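Me: Please take a close look at one residue of this model, and then set that residue against the protein as a whole.

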Amino acid sequence: MSKLKPAEHTPMMQQYLGLKAQYPGILLFYRMGDFYELFYEDAQKASALLGITLTTRGQSAGHPIPMAGVPYHAAEQYLAKLLKRGESVAICEQVGDPASSKGPVERKVVRVVTPGTVTDAGVLAESSNNWLCARTIERARGAIAWLNLASGQLIVSECLASELPAILARRPASETLMPESETQAGATTLADWHFEVNSGRTKLEKHFAVSSLAAWGAEHLTLALGCAGAVLEYAQSMHGVELTHVQGLIVEQAGNFVILDEVSRRNLELTETLRGEAAPTLLSLLDVCASSMGSRLMREWLSAPLTDVRLASQRRDAVTALTQQSPLQASLAKMPDIERISSRIALATVKPRELAALRDSLPKLPLVQKQLQAVENIYLNSLSEALNIPAELPALLAQIAQEPAAFVREGGVIAPGIDASLDELRGLSDNTGEFLLALEAREREKTGIANLRVEYNKIHGFYIEITQSQLEKVPAEYRRRQTLKNAERFITPELKAFEDKALSAKDRALAREQQLYNTLLSALLPHLSALHRAAGAIAQADVLAAWAKISHIHNWCAPHLDQQPGIQITQGRHPVVEARVERFTPNDALLDETQTLLIITGPNMGGKSTYMRQVALITLLAWCGCHVPATSAKIGAVDRIFTRIGAADDLASGRSTFMVEMTEAAVILNAATEKSLVLMDEIGRGTSTFDGLSLAWAIARALVVNNRAFTLFATHYFELTQLAQELPAIINVHLSAVEHNQGIVFLHELRDGPANQSYGIAVAKLAGIPASVVKAARTKLQILEAMGVSNTGQLDLFAQAQILQLPAEDKNRGRPDVAQAFFDELASLDLDSMSPKQALEWLYEVRARVKH
């Protein structure tokens with residue numbers, strides 16, 4: 001930005017620089033006519049981010065001014081691009097009257113738009129919430145406050161510091177506030193005092209006009225109140241108005257929901273695929289909601305499975321009751337986004353057409369009420385009661401014109417007959433042509449001048465034009481306004497009086513409409529709570545009806561929920577995969593106190609990962625209150641769902657694939673309980689065979705003995721199947737496949753016992769490995785098998801380990817020379833530098849020598 005002193009700039013640039021100094025680090029949209037202009041570094045940055053033209057126009061302090069601009073009417077689309085890139089924008093509007101301004105028109109910043117505080121309809125995604133989050137950690141405790149300005153929801157929670165990342169993953173925030181002492185990349189930092197507990201409590205009590213937060217069960221909270229105060233104050237300062245639509249607190253206890261960390265959410269593809277796409281996911285399958293309110297709530301419910309049997313059963317039973325109730329969604333499809341419209345009323349940013357849509361939706365609510373009352377379900381019946389709307393509300397919204405303009409500044413927003421003065425001003429503006437024709441006819445008759453004309457232009461206003469040949473007939477009250485070559489133009493007292501009214505009528509009408517519109521918004525504020533209740537009821541009914549529709553289409557069942565841990569699924573299917581294939585093979589699953597870990601073997605592409613994910617998704621759906629893709633299901637209490645499926649290098653953090661894998665495993669081993677569901681896929685494959693196998697063996701054993709968690713453990717280490725002989729709680733199962741004509745046929749059926757081979761070469765052939773390479777691999781496999789393997793077709797590494805654990809006098813009894821040579825050679829090996837292949841070849845060589 002210019003380094004010159006403000007006094008050296010033009011008056012307008014002095015004004016700009018003064019405003020910009022108040023918002024360092026934030027782009028300033030400076031209103032000039034029909035454009036928002038950006039100058040200096042802001043212009044250069046916006047040009048690069050938005051792809052708009054960077055130019056220079058005029059000079060200030062002797063230097064050209066770099067500038068770029070966006071049209072006022074298209075500002076939302078540019079805001080969306082900037083917010084998506086994490087930028088914030090200060091909106092500076094003209095608030096003075098250009099006609100009466102001697103210098104630059106008075107301007108001021110009316111609001112600051114940040115990623116977490118935006119509420120503009122053209123910027124927000126319709127089907128997902130936009131969360132502003134404040135978080136802090138003190139000692140071993142963590143606290144979070146989420147604020148959704150577009151709905152008015154304020155949610156707080158306290159938890160163990162170790163649980164904080166998983167709980168934050170429940171509602172990914174567009175913007176996160178943190179104390180300066182806890183600086184984290186990407187976060188918006190505030191001074192620590194913004195998070196002070198007592199200050200936060202005071203702010204909340206003042207905002208809600210209460211003396212205690214007991215009504216929301218928040219009186220025992222500490223750190224969370226500091227976060228709530230910080231997030232509320234920050235949002236309020238950005239919008240510059242009271243957040244009257246934030247009307248209460250929601251306190252979430254850590255144990256109210258099944259915890260899924262970010263890794264598990266990603267692996268299960270709940271709301272986005274592993275590639276970051278919106279489909280195919282569980283949400284994309286289930287979201288057949290009729291309204292955007294329902295779509296947003298479904299995303300929330302899927303992200304936060306319940307732990308309360310009563311609440312989850314309540315939803316499930318409502319879904320069951322709605323399975324045949326088809327008219328409900330048709331009625332809900334006609335509903336506008338009442339939730340966001342009511343919030344924009346509070347923020348005074350609602351558009352006239354949104355109010356018109358709200359007005360038109362109110363007469364449709366009784367039909368939805370009737371349909372909900374007709375269903376034999378207490379939950380749905382209670383939702384119908386929330387749709388009762390105050391009688392005053394339709395009358396207030398009737399003030400909006402039937403087809404209003406898009407913006408108040410365009411006029412035509414307030415309906416005729418609402419305000420007499422507005423109607424009069426509109427009449428003056430609208431009936432100008434009729435008045436001029438009538439005046440012209442009267443003056444022609446009065447003066448006898450047949451070619452007299454009454455006209456208007458922007459420079460001279462209204463006038464009566466008379467040709468030179470008729471000037472002697474001009475009445476005395478005519479006053480000359482302009483002389484032309486062949487005519488004279490006059491004004492009369494009557495025409496002058498009309499001109500004064502007509503020329504200002506439009507501007508006065510627009511000003512009066514703005515005043516009436518603002519008055520209407522104020523009158524609507526007391527009814528926001530009723531609108532929010534109705535929006536919540538519509539959203540819940542929409543989600544439940546959508547789930548009922550999916551259940552009916554795909555033949556899902558109502559699960560039985562139990563307080564006791566355990567999972568019993570009959571003929572379960574993966575919901576997303578089933579919807580995308582012609583035929584899906586269902587499978588059972590049983591985990592209880594007698595069998596807590598299933599070791600799952602079978603070929604790649606055989607369905608191991610799909611099977612594990614489907615068990616997790618069925619469990620999650622059941623605790624969300626949805627029906628599940630199975631013939632029957634009994635799902636016990638679950639506190640957390642963990643997944644360790646696949647891995648990739650984390651280059652940014654300098655972590656290898658194996659390190660990522662071990663870190664995820666460590667999280668599971670440290671946090672899983674007897675109520676947890678754990679999915680482990682191919683653990684240990686990122687290192688040498690011996691290391692990987694040993695780690696997999698130890699992890700599986702720990703999950704059974706120490707954690708006692710319900711675990712699905714997929715592996716290609718066939719040696720792990722021997723754990724079932726040591727620990728009765730471990731059960732071996734496999735996904736079946738058969739070789740046919742040098743190929744492989746995947747049956748995808750879960751069968752008891754371990755697989756008898758891995759079919760790796762057959763899968764490689766399917767993947768397109770050249771035939772010569774496949775043939776060479778088969779030849780090498782035959783050689784290796786001939787060198788001596790176990791009956792399972794795999795080298796039994798654990799069996800070798802067991803030999804080495806025998807007392808020294810039992811090893812190679814009668815052949816001390818062989819035993820001593822073996823140990824000498826073993827001691828000399830550099831195991832860390834050996835590859836798995838070298839290790840196997842050494843074992844085969846030793847075994848061959850022992851046989852001879």
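The request and a connected reply follow.

Me: Where is the place of Glu 664, is Glu 664 buried or exposed, and which residues is Glu 664 in contact with, leaving aside its neighbours within four places in sequence?

Reply: This is a predicted model, and what follows should be read with that in mind. Glu 664 has its place in helix α23, which covers residues 657-671. Its relative accessible area is 12%, and because buried means under 20%, Glu 664 counts as buried. When the neighbours within four places in sequence are left aside, the contacts of Glu 664 are with Arg 644 and Gly 646, and also with Val 263 and Arg 266.

The wider setting is a protein whose secondary structure comes to 30 helices and 27 strands, and in which 49% of the 852 residues count as buried. Where contacts join residues at least 6 apart in sequence, 66% of them link residues at least 24 apart. As for overall form, the C-alpha trace spans about 145 × 70 × 65 Å along its principal axes, and the radius of gyration is 37 Å, whereas a compact globule of 852 residues would have one near 29 Å.

Turning to surface and charge, the protein exposes about 39,800 Å², of which carbon and sulfur atoms supply 52%. There are 82 positive and 93 negative charges in the protein, and the mean positions of these two sets are 4 Å apart.

How values were computed
Residues numbered from 1 in each chain as written. Predicted model: local features only at pLDDT ≥ 70, side-chain atom pairs only at ≥ 80, totals over all residues. Heavy atoms only, no water. Helix = DSSP H or I, 4+ residues; strand = E, 2+ residues; numbered from the N terminus. Rg over C-alpha atoms; globule rule 2.2 N^0.38 Å. Buried < 20%, exposed > 50% of the residue type's maximum accessible area, 1.4 Å probe, protein only. Contact = heavy atoms within 4.5 Å. Areas by Shrake-Rupley, 256 points an atom, 1.4 Å probe, with all protein chains shown as cover. Lys, Arg positive; Asp, Glu negative; His and termini not counted. Charge placed at Lys NZ, Arg CZ, Asp CG, Glu CD.
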